[in-house]
Amino acid sequence: MNRIKMFFSSLLKKDAAKTVITSLWCALLGLIVGFLILLCINAQEAGYGMSSIMGNFLIFKNADNRLDYFGQTLAKAAPLIAMSLSILVCYKAGLFNLGASGQYSVAVLVISFMGAGANLPWWLVMVAAMIAGALWSMIAGALKVFFNVNEVISGIMLNWIALYLVNGILSANATVWDSTHSEAFTISGESNAHIPTIGLDKLFAGNSIVGLGMVLILVVAIAIFVLFKKTTIGYEIKAAGLNGDAADYAGISKVKNILIATAISGALAGFAASLNLQNGFTSWRLSSAPPLIGFQGISAAFLGGLHPIGVIFSSYFIEHVTEGGSMITDLGFAPEVASIITSVIIYLSGFVAFLKEMMRKSEIKEQLESISRIKGAGK
Amino acid sequence: MSDSYAIEMLGITKRFGNILANDNMDIRLKKGHILAICGENGAGKSTIMSILFGLYEPDSGIIKKDGVEVKISNPNDANKLRIGMVHQHFKLVDTFTVLQNIILGDETINQYTGPLNWFKKCFNWLNKNVLRIIDYKKAREEVSEIIERYGLQVDLDKKVKDISVEMQQKTEIIKMLYRKNDILIFDEPTAVLTEQEIQGFLEILRNLKREGKSIIFISHKLNEVFDVCDEITVIRQGKCVDTLEVKQTTKEAISALMVGRKVSMPIKKRHGECQGEVLRVEHLTMVDPLTKKTIVNDVSFNVRRGEIVTLAGIDGNGQREVIYGITGISKTQGGTILLNHQDISSFSTREKIKAGLAHIPEDRHKHGLVLDYSVSENAILDRYYEPEFSKFLLLNQRNIKRYVSGLMEKYDIRSSDDESTIVRSMSGGNQQKIIVGREIERDTDLLIAVQPTRGLDIGSIETIHNILLKQREQNKAILLVSLELDQVLSLSDRILVMYEGEIVGEFTPDQANRELLGLYMSGAKRDEVNAIKESEHE
């Protein structure tokens with residue numbers, strides 16, 4: 001019994017364990033606040049509403065329906081994972097990528113023309129989307145390193161530039177624009193640009209939006225993990241991000257590494273667009289606000305403890321709640337309740353660091369107490 | 001009555017992470033006395049004073065003022081108790097005038113004294129709580145009176161950025177007096193002053209004492225302490241060792257208490273000859289990018305194998321910039337830098353490192369280490385790309401681990417989790433040893449060390465001195481920058497004194513002594529210097 005206790009207390013001292021615990025706390029608190037809001041809106045249905053948000057696809061009685069919606073949640077979580085990786089890479093370089101939405105939008109432009117328009121092979125479209133995102137992101141990176149423009153400001157402004165650029169160009173081109181629905185053409189299942197399903201759709205009751213993308217995003221997440229854990233590139237980026245002066249002094253160029261990090265980050269945002277659009281699920285609609293996914297990526301990244309593997313789970317959780325939220329409209333709730341929950345989580349994710357600090361403090365206090373106990377016993 | 005205490009700090013304990021900065025310390029300041037707190041760097045002097053000033057809260061212990069227990073949880077509390085402090089780094093607003101700085105936070109508010117009673121009431125309430133229009137005239141009168149009384153001449157209308165360090169310090173002192181503080185804490189006030197200015201400062205202290213102020217004077221310079229203080233509390237490694245009356249003790253006794261054993265400054269003179277030039281700096285000129293002021297003016301010198309050349313001087317006379325220029329942290333405006341007869345002036349930092357430049361930077365937190373990296377990640381910071389540590393972009397963890405654990409053993413680097421300890425959690429001495437080890441293991445011909453022992457305990461200082469001397473024995477060229485005269489005198493083979501961006505004196509350690517160096521460092525004397533010395537045997 002004591003050994004189990006010892007095992008847990010030593011586990012708790014590990015930094016990773018603390019991150020997991022605090023992230024779970026944030027998620028839980030977010031759900032509680034969400035529930036309170038549901039209670040305020042409609043007390044009678046709040047319980048049912050909450051269970052459908054939490055249950056998402058599980059509320060369906062039919063097994064095929066369940067699988068179908070489970071597949072959909074998974075497929076929609078994939079781009080969010082890419083997006084949170086994008087935020088994470090920049091964060092490691094000491095930058096806050098608030099421009100991910102813009103990078104995503106520019107990638108959408110490329111995908112629409114090359115995929116829905118020209119019907120090019122899916123991998124080519126994917127690579128082009130990533131390059132587009134990378135180049136767009138490097139504008140902010142270059143402004144940062146050469147003119148010391150704050151990347152948050154330039155990122156936000158580039159979001160709006162990208163938004164109206166994409167709105168304007170797409171809607172003016174009949175080859176890619178479906179004017180009757182006022183949205184870009186969706187990539188169909190038969191298109192060359194559609195990411196192959198490699199038989200995964202069969203596992204999810206024939207839901208064709210599940211496919212190779214799911215495998216790719218896991219590979220990419222692991223690749224990012226390896227990048228920061230094992231390679232000199234990751235080592236340099238982190239050094240430049242944690243202490244640019246020391247990096248410069250050691251001959252690690254801050255300029256080079258910020259550009260590399262913003263490029264990788266932008267490529268990942270482009271990858272997110274590719275995963276979202278090239279499975280034939282959705283397309284670009286005229287919008288007056290930058291795509292939401294760029295901001296959801298931030299909350300997923302923080303909730304995931306800024307860890308490449310952690311964000312897989314946090315992204316899925318956020319997508320799960322969001323999808324669940326879209327199912328409670330018929331109960332008299334707005335689907336935005338799910339957004340409220342995720343927003344609360346975003347705010348709380350800021351507390352991840354704070355909660356960790358609290359845990360550390362209580363640890364020190366314990367140590368001090370045990371020291372004074374030992375001293376007291378000595379006397 | 002003269003024996004009653006103004007301040008008593010009893011059983012103060014303060015811990016930062018694993019470091020016990022103050023361990024059950026007792027400090028007692030008698031009314032109207034000057035108490036010196038002496039101890040080596042890192043002994044815990046600044047910490048305990050920060051506790052008294054409310055910057056830190058102690059983990060345990062109590063503070064009494066005039067015999068009454070008080071709680072000081074922030075500087076405002078300290079202020080209310082009339083405790084004032086002059087920090088090592090002044091807390092002044094550069095772009096404000098001296099007067100504005102003095103009254104900042106305790107402004108004299110305009111009072112309307114004319115007719116109409118109800119208006120007077122309304123206006124004064126409003127001004128006191130909302131508008132807060134400052135009555136500069138009255139403030140100036142009050143401040144001038146303080147200046148007169150204590151003989152602290154400063155120009156009230158000059159901006160702080162335009163006045164000397166000595167004047168800034170006076171501003172800080174007036175600031176405390178303006179707040180009617182009667183307990184004054186000075187944290188190493190003389191560190192930034194020249195020998196001549198120090199005398200003036202000590203005179204001010206005597207004046208303050210005469211006016212009935214109680215003063216705590218933190219210093220490790222015993223000459224000053226014995227000059228003005230009444231009692232001395234000696235601190236060593238976070239503990240109060242003893243409190244003695246100045247009249248009944250000697251400098252030797254205090255110095256022995258401070259270090260815990262006999263001090264031995266190793267004066268090991270060079271025996272071999274200087275063969276071959278390693279570093280040659282010619283006509284180096286640098287300009288401050290912000291103020292456009294010339295901070296390094298036509299500096300030329302060289303460093304040969306087997307010698308330690310020291311750039312001495314008071315902080316801020318261009319020594320730092322010379323090093324920044326050589327290592328590539330800052331841009332130079334002119335001049336050439338030759339390393340092993342190769343012009344490296346236009347090299348990138350990486351190229352300079354590869355050409356054989358090893359550098360122990362002054363600011364180990366800013367330039368030396370990535371604090372949130374582990375020991376092993378820091379130990380390879382400027383050589384991770386070498387084939388031993390990485391191949392095809394992949395770090396070779398096994399080699400790194402083997403190399404770093406060897407390094408930790410060789411340089412006696414202690415940490416809680418071996419190589420994977422995050423450097424931020426380690427003590428300054430161990431952090432510095434990582435840098436020293438990293439740079440020396442690169443086995444380059446030239447080693448530049450800027451204040452390599454700053455803020456370290458005596459054990460680490462000795463280790464680092466010995467490492468430098470050993471490097472000299474192995475025929476390396478060493479360029480040292482130091483602000484501590486004892487270090488300069490005991491380690492150097494050649495001393496170059498810098499004043500306002502120029503080399504104004506060159507000495508061998510036999511020619512030099514503290515007073516002489518002091519004259520050159522303060523600009524009172526200067527020579528024409530040709531600091532490029534030919535090798536004795538080419």
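This is a short tour of helix packing, the chain interface, a salt bridge and two unusual backbone angles in a predicted model.

Some ground rules: residues count from 1 along each chain as its sequence is written, chains are lettered from A and ligands numbered from 1 in the order in which they are written, and side-chain values use heavy atoms, with hydrogens and water left out. Since the model is predicted, local features need pLDDT of at least 70 and side-chain atom pairs count only at pLDDT 80 or more, while totals for chains, interfaces and linings use all residues.

**Stop one: α4 in chain A**

Select residues 63-92 of chain A, which form helix α4. Helices here are DSSP runs of H or I with at least four residues, strands are E runs of at least two, and both are numbered from the N terminus.

Now add α13(A), residues 293-303: the two helices pack at about 70°, axes 8 Å apart. That makes α4(A) roughly perpendicular to α13(A). (Axes are lines fitted to C-alpha atoms, for helices over the stretch in contact, and angles run from 0 to 180 degrees between N-to-C directions. Under 35 degrees counts as roughly parallel, over 145 as roughly antiparallel, 65 to 115 as roughly perpendicular and the rest as oblique.) The crossing of α4(A) and α13(A) is right-handed, meaning that the near helix is turned clockwise from the far one by less than a right angle; anticlockwise would be left-handed.

Which residues of α4(A) meet α13(A)? Show Pro79(A), Leu80(A), Met83(A), Ser84(A), Ile87(A) and Tyr91(A); their partners in α13(A) include Ile293(A), Ile298(A) and Phe302(A). Contact means heavy atoms within 4.5 Å. The residues of this contact split into 10 nonpolar, four polar and no charged. (Ala, Val, Leu, Ile, Met, Phe, Trp, Tyr, Cys and Pro count as nonpolar, Asp, Glu, Lys and Arg as charged, and the others, Gly among them, as polar.)

Keep α4(A) on screen and bring in α14(A), residues 310-325: these axes come within 8 Å and cross at roughly 130°. The two are therefore oblique to each other, and their crossing is right-handed. Leu80(A) and Ser84(A) turn up among the α4(A) residues here, having also met α13(A). On the α14(A) side, look for Tyr316(A), Glu319(A) and Glu323(A), among others. The tally for this contact is 11 nonpolar, five polar and three charged.

**Stop two: between the chains**

Zoom out to the interface, with 30 residues from chain B and 24 from chain A. The chains bury about 2,300 Å² between them, 60% of it on carbon and sulfur atoms; buried area is the accessible area (1.4 Å probe) that two parts lose on being put together, summed over both. In chain B, pick Tyr373(B), Tyr384(B) and Leu393(B): they lose the most area to chain A, together 24% of what that side buries.

How many salt bridges cross this interface? Zero, by the rule used, which asks for a side-chain nitrogen of Lys or Arg within 4 Å of a carboxyl oxygen of Asp or Glu. Over all chains the count comes to 37.

**Stop three: inside chain B**

For a salt bridge, select Asp23(B) and Lys239(B), whose closest N and O atoms are 3.5 Å apart. Asp23(B) lies in strand β2 and Lys239(B) in strand β10, so the pair ties together parts 216 residues apart in sequence.

Asn24(B) is also in β2, and has a positive phi of about 50° although it is not a glycine. Most residues other than glycine have a negative phi. Finish at Gln451(B), another non-glycine with a positive phi, about 40°, in the loop between β19 (446-450) and α16 (458-473) of chain B.
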